[in-house]
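Subject: Structure handover

Dear colleague,

Here is the structure for you to look over. My notes on it follow below.

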Amino acid sequence: MSVNQQTHTGPPYGQPQPGYQGYQQPAYGGQPLPGVPHSQYGVYNGPMPGYQQPVPPQGSVRAPSTSGTSLSSGHLGYSPFGQGDVQNGIPASTAPMQRPPASQPFLPGSAPVPVSQTSMLQQYGPPPASVQQLSNHMAGMTIGSTSTSAPPPAGLGYGIGPSSYPPTTGAPRPPTMPGPPLPVQTAAGPPTSQPNHVSSPPPPPSTLSGPYQGPPMSGLRGPPPPTHPPQPGYQMQQNGSFEQVRGPQTNYGGAYPGTPNYGSQPGPPPPPKRLDPDSIPSPIQVIEDDRSNRGSEPFVTGVRGQVPPLVTTNFLVKDQGNASPRYIRCTSYNIPCTSDMAKQSQVPLAAVIKPLATLPPDETLPYLVDHGESGPVRCNRCKAYMCPFMQFIEGGRRFQCCFCSCVTEVPPHYFQHLDHTGKRVDFYDRPELSLGSYEFLATVDYCKNNKFPSPPAFIFMIDVSYNAVKSGLVRLICEELKSLLDYLPREGNMEESAIRVGFVTYNKVLHFYNVKSSLAQPQMMVVSDVADMFVPLLDGFLVNVNESRTVIISLLDQIPEMFADTRETETVFGPVIQAGLEALKAAECAGKLFIFHTSLPIAEAPGKLKNRDDKKLINTDKEKTLFQPQTSFYNNLAKDCVAQGCCVDLFLFPNQYLDVATLGIVTYQTGGSIYKYAYFQLETDQDRFLNDLRRDVQKEVGFDAVMRVRTSTGIRATDFFGAFFMSNTTDVEMAGLDCDKTITVEFKHDDKLSEDSGALLQCALLYTSCAGQRRLRIHNLSLNCCTQLADLYRNCETDTLINYLAKYAYRGVLNSPVKTVRDALINQCAQILACYRKNCASPSSAGQLILPECMKLLPVYLNCVLKSDVLQPGLEVTTDDRAYIRQLVTSMDVAETNVFFYPRLLPVTKADVDSDSLPAAIRNSEERLSKGDIYLLENGLNIFVWVGVNVQQGLIQNLFGVSSFSQISSTLNTLPVLENPFSKKVRSIIDMLQVQRSRYMKLIIVKQEDKLEMLFKQFLVEDKSLTGGASYVDFLCHMHKEIRQLLS
Ligand SMILES: [Zn+2]
């Protein structure tokens, strides 16, 4: 292979690039462009009246005096572009500089944060023996008057009767079955919007009582529910879980009752009646209710323990002393006072934290507080940072720590008098005294080696093997980078980004480029000794974009040409990351690697992988190996990367298995992002990729970050989930942390809490900004504590609970059989609901399922998690898809997990074309779809456009520009731009959805009764899935049975 001399054939630089308008009117619409946010820091003078929308950076495209000249030819070794003092021509094998200690990167190491699954099941002790219920509002009204009075038609209904699960073989479920109606949530209590529920009487449960009613329960223990013969499809286990009897299908076992397996077993006669889907809790209704109840008022954070509106509600946040729910959401805002209570309830206590979350334009960004050389004021003992909950005493000379109670002297420069209420008179002038979130400028003490950091660097590392070149990917990336480099994140009002850039291409060998501004042409240096990676040049590798613009443009023009004729199909991967890491080490800075990679790295090199994909392992004890890395090489490399602040973002373009579980390790542990475009095709996938790339390059990111969560006495952070690395039990280290990443933290009791003092969290994130400034971002949150379980159940947030449970389960599959993980999830949720039924709900019949109002969606959402591709793979799902999803979910915030597990389904033919509003969403079930309508379904990764067979021709014409249903092409990945109100409306809805998500969603057109509809149906999560996932109705019945088992 040689480096060919080619003339530049790309479009003349300086002309607008196609598809590039996205920057001016960002596709991320309405939001300030990343890179700008800090411009709003300013002198803090009390509450800021407003917030000015940052001006998006205008790309002053400077026409470089570029020519069509090119990289000179050279042979593979080192190109001899002699240029004065440039270091080139050094043979790879003898290059003296930057050689790392030879042994370090290759040591085998420990596996990543494993968690024992058994501990998940048993850590809370034995399940409470009790009863349960499905419930509702807290107004004291007993719900379910209908349910308790309805005579139970024996043998009917859901629950445990043998008739519960129809012996369906996968035939569509008939719509609403006749039968006794199931009263659900009939209580019309007030919405749970009271800020502070201390200890009111137990909420009246919203009763979901099945037609099958057991004998009434007297008090909490009634007669045991009637016993039933074992179901044909499953057997009861001692632990209350169930197991699928081996049916003819063995590949996708572990299904619920009511799955296709069932039908193949001899069984009792079909049930005459079913649960009416309209009578069970509806996610859509809950979302709509919250919107109408809580969307109009701002959420003011001044009150302890307030449950915020749902993530699906648009609301404004006013920081009055607690962190916005955009930064922190909790599973419960009222924590049990004792660990016994917490164990009894089984409700996990966790916070989902997004420290650098992007705020809407009308909310105020955290102020930056500069205490000069003395740095932030902290507690002497626990080192908590000054916050609104610190108590000033002795006339303001000392303060008592709200976390550890230690008393600390106020430093002289920080002294201030107290007013008659004991509040400092400068309270409103200081963000750290009056706000939940703020930043401190860090002093040199907070810097590595006691040295202020250099600005970070971005290194673009492009796979130039055969597939990458042939698909047009290499050219696409190079073209995009030419303009994208003008949009690197910048700080505040800075004219240009402080981030330096570097470029590497690779296949089996690595090519480094010298793009120093004094060069007339870029120079290439090849390192073919990949066994011991080093960077062959120091000077000229990382450069300022503006200074080196001409050379960079020239390089990007030439790369596609240089490799146009490559025949090299093999790639390396480990050495690529090592090279980036070494370059950052040499430059003594943190940074991010953007790696564009296409294939399993089988070339001889450290980190070489083999194809070990084996779908036969699904549903075996070895299934977990599919999620584990095949070598510890990348774990060790990740550790080195974190130490340097080298974050790795990975863009994958596989045409076959490339082992995401292994390749993704470094990305995962460095806080990076992974993107996957299987079977990448330029025409259909470039928009999605380019949108993702643009957003990824531009978004706000903190480097070399360490996060610690402090808590008040009585609880402590015990477990962490997310994309990071931990070298001890308290510090979450991330080479990079961007505005989309969350860390989920679990808390456990280590002492009693008090209702008076409540509980406090302080999340402190130390990071380096994109301009190289060292900062601390602080988020504080105060929670209530309770001695009554009812208060716990009244202040939970199910969306956050699901976020936590999904992450817990997704980590569990690394170490336990997937079935064990699923069973554990079911068991834990059954225990949560059983504890409620036993302790909080009014006595009622065992035939009633009674759920706490704010957990009434727990069963439906839990079922979605259980049916997700990681825990129960769909037919078309690959091993890489599962590893990819597993990794994505681990960093998702609550809004993302919400829509990912329960997609949003919008009937667009019902949309009002004259308004900006979205049509009301509908439930994810086939029976809700009408043949005469068109629907959008989005889950954060994909958008489906489903077209019914009977849609009016006029609508088809307006949306697709064709005259009939049969002419609609399902290969479209975008809707045609047509000048009519319906087309505009649908496209604007799609744009609106794209803007809300952190990734650009793939658009897929699905025609009813077409082949692709199978794929679409996987997302109709209330229905039974093709691979055995239970329908919502069936799962609810199953949960009810589990709960009754626990209570009997
Ligand atoms: Zn303290």
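Two strands count as paired if DSSP finds at least two bridges between them. The model is a predicted one, and the notes start with a pair of strands to which that rule applies. S22 and strand S24 (residues 743-749) are joined by 6 bridges, and their pairing is antiparallel. Among the bridge partners, Arg 716 is matched with Lys 748 in S24.

Both strands belong to an open sheet of 4 strands, ordered S6-S8-S24-S22 and paired antiparallel. Strand S6 (328-330) and strand S22 (715-721) are at the edges with a single partner strand each, so one side of each has no neighbour in the sheet. On average, and with direction ignored, neighbouring strands of this sheet are turned by 25° against each other. Helix H15 (residues 798-812) lies across S6, strand S8 (349-353), S22 and S24. The helix runs at about 60° to S22.

Next, the metal site. UniProt, in an unreviewed entry, places the feature "domain: Zinc finger Sec23/Sec24-type" at residues 376-414. In the model this span is 0% helix and 23% strand, and its end C-alpha atoms lie 10 Å apart.

Which atoms coordinate the zinc ion? The donors are the SG atoms of Cys 379, Cys 382, Cys 401 and Cys 404, at 2.2 to 2.3 Å. The angles among the 4 donor atoms are 101 to 115°, and the site is tetrahedral. For reference, the ideal angle for four tetrahedral donors is 109.5 degrees. In sequence, the donor residues follow the spacing C-x2-C-x18-C-x2-C. Cys 379 lies in the loop between strand S9 (368-369) and strand S10 (391-393), while Cys 404 lies in the loop between strand S11 (398-400) and strand S12 (407-409), so this pair ties together parts that are 25 residues apart in sequence. Cys 379 and Cys 404 are both buried.

Last, a helix elsewhere in the chain. Helix H12 (residues 660-669) is mostly covered, with 10 of its 10 residues buried. Among the buried residues are Val 660, Leu 663, Ile 665 and Val 666, and also Thr 662, Thr 667, Tyr 668 and Gln 669. After H12 comes Gly 671, which has a positive phi, near 80°.

Regards

Technical notes. Residues numbered from 1 in each chain as written. Predicted model: local features only at pLDDT ≥ 70, side-chain atom pairs only at ≥ 80, totals over all residues. Heavy atoms only, no water. UniProt positions renumbered as here; feature names shortened; annotations may be inferred. Helix = DSSP H or I, 4+ residues; strand = E, 2+ residues; numbered from the N terminus. Donors = N, O, S within 2.8 Å, 3.2 Å for Na, K, Ca; no water. Tetrahedral: all angles 85-135°; square planar, octahedral: opposite > 155°, others 65-115°. Buried < 20%, exposed > 50% of the residue type's maximum accessible area, 1.4 Å probe, protein only. Axes fitted to C-alpha atoms, helices over the stretch in contact; angles between N-to-C directions. Contact = heavy atoms within 4.5 Å.
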